[in-house]
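Good morning, and thank you for making time for this item. Please bring the sequence and the coordinates up on the screen, and I will begin with strand pairing.

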Amino acid sequence: MTTLEKLKEILCECKGEDIDITPETNFDELEFDSLDKVDIVMQIEEAYDISLGENLQLSTVGELIAKIDEAVANK
Amino acid sequence: MPDKRVALVTGAGRGIGAAIALTLAKDNADIAVVDYGEEAAAAETLAALTAAGAVARYYKCDVSDFAATKAVADAVVKDFGKIDILVNNAGVTADDLLMRMSEAAWDRVLGINLKGCFNMIKHVTPYMMRKRYGRIVSISSVVGLMGNAGQANYAASKAGIIGLTKSVAKEFGARNITANAVAPGFIKTAMTDALTEEQKQAMYKLIPLGALGETQDIANAVKFLVSDDARYITGVVLKVDGGMYI
């Protein structure tokens with residue numbers, strides 16, 4: 001499973017519905033609130049056994065994927 | 001009949017916790033009994049829950065242990081598929097005048113009574129959030145509202161539960177998760193049974209309704225707060241104390 005696929009799975013579960021994402025998708029479009037964002041980050045960290053650090057700013061899906069891949073590579 | 005709900009009740013092996021668990025079981029819930037005592041001690045509770053038609057399982061856990069509470073929350077979801085209701089009831093006392101209170105007595109009471117609530121809420125709410133549903137009730141005490149000589153640790157822990165509950169109510173309200181506290185007064189237990197008649201009479205004078213409460217009175221309050229009738233109630237402290245603290 002690619003990072004994009006895994007991220008889609010987490011975002012869909014959090015949203016409670018099927019959503020389409022691409023690396024260009026901006027998180028603002030997805031209308032997650034602050035609780036959702038905390039939950040998403042926690043699920044990513046648990047799934048990959050990584051830490052994404054404090055005050056992570058979620059902008060685009062592609063940027064988040066890059067951060068995840070970087071954290072995984074540095075494990 | 002609506003789907004059965006799943007309730008995780010801490011300290012459900014005996015006393016108030018067992019009464020809460022049994023009351024929820026009779027109200028169509030399956031029960032995860034979380035307790036630190038041996039399973040044998042909770043066997044009677046488990047048998048009563050099963051007889052009431054509930055699926056009931058026992059999980060041994062020290063609620064002050066962060067990792068252990070996560071493991072229990074995960075195990076309950078694995079076994080039951082979800083957690084709809086969390087009742088934070090586990091609590092201990094280690095009474096002494098503050099001048100004589102040891103650091104260990106402070107840490108133990110705060111660890112189980114207050115951090116235990118934080119631990120369970122922390123690990124159960126991710127599951128509730130994804131379901132967009134949750135009912136959390138934490139057992140405080142009127143002592144948390146009025147203070148009590150000889151119980152600085154206990155009173156602080158129970159007051160802390162109120163602040164925790166109100167914060168959780170604000171954080172999770174948008175997810176249809178309510179958080180409320182029940183504050184019992186003097187409840188009839190083995191401890192109050194041991195009091196002399198003179199001591200009991202002195203106690204009754206403090207209570208407008210003139211009697212000790214029963215464990216069932218607390219269980220009834222919890223049943224209400226997790227019911228659909230209380231769907232618009234969050235962040236409250238429901239005193240069940242015969243008017244002891246007004």
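In this predicted model, strand E1 of chain B, residues 5-10, is joined to strand E4 of chain B by three bridges, and the two run parallel. One position to locate is B:Leu8, which stands opposite B:Leu86 in E4(B). On to the next pairing: E4(B) is linked to strand E5 of chain B, residues 134-139, through four bridges, again with the strands running parallel. There, B:Asn88 has B:Ser138 of E5(B) as its bridge partner. Between these two strands the chain passes from E4(B) through H4(B) to E5(B), a β-α-β crossover that is right-handed.

Let me stay with E4(B) for a moment. Are the residues on its two faces buried or exposed? The strand, residues 85-88, is covered on both faces. B:Ile85 and B:Val87 lie on one side, B:Leu86 and B:Asn88 on the other, and all four are buried.

That leads to the nonpolar cores. As a general point, nonpolar side chains in soluble globular proteins tend to be buried together. Here the largest nonpolar core has 71 residues. Those with the most contacts inside it are B:Val9, B:Ile20, B:Ala21, B:Ile31, B:Val33, B:Ile218 and B:Val222. Which element contributes the largest share of this core? Helix H4 of chain B, residues 103-131, does, with ten residues.

Consider B:Ile31 in detail. Leaving aside residues up to four places away in sequence, B:Ile31 touches B:Ala7, B:Val9, B:Ala21, B:Leu24, B:Ala25, B:Leu49, B:Ala54 and B:Ala56. A second core, separate from the one just described, has eight residues, among them A:Leu11, A:Ile21, A:Ile44 and A:Ile68.

Now to chain B as a whole. Chain B contains nine helices and seven strands. Its C-alpha trace spans about 50 × 40 × 35 Å along the principal axes. For 246 residues, a compact globule would have a radius of gyration near 18 Å; the value for chain B is 17 Å, and therefore agrees with that expectation. Of those 246 residues, 46% count as buried. Looking at contacts in chain B between residues at least 6 apart in sequence, 73% join residues at least 24 apart.

Finally, the confidence figures. Chain B has a mean pLDDT of 95, with 99% of its residues at 70 or more. For the model, ipTM is 0.74 and pTM is 0.91. Thank you; I am glad to take questions.

Conventions: Residues are numbered from 1 along each chain as its sequence is written. Chains are lettered from A and ligands numbered from 1 in the order in which they are written. This is a predicted model: local features need pLDDT of at least 70, side-chain atom pairs count only at pLDDT 80 or more; totals for chains, interfaces and linings use all residues. A nonpolar core is a set of buried Ala, Val, Leu, Ile, Met, Phe, Trp, Tyr and Cys residues joined through C-beta atoms within 7 Å. A residue is buried if 20 or more other C-beta atoms lie within 10 Å of its own, exposed if 12 or fewer, and partly exposed in between; C-beta atoms are placed from the backbone. Two residues are in contact if their C-beta atoms, placed from the backbone, lie within 7 Å. Two strands pair if DSSP finds at least two bridges between them. A crossover is right-handed if, with the strands pointing away from the viewer, the path from the first strand over the helix to the second runs clockwise. The radius of gyration is taken over C-alpha atoms; the globule rule is 2.2 Å times the number of residues to the power 0.38. pLDDT is the predictor's confidence in each residue, from 0 to 100.
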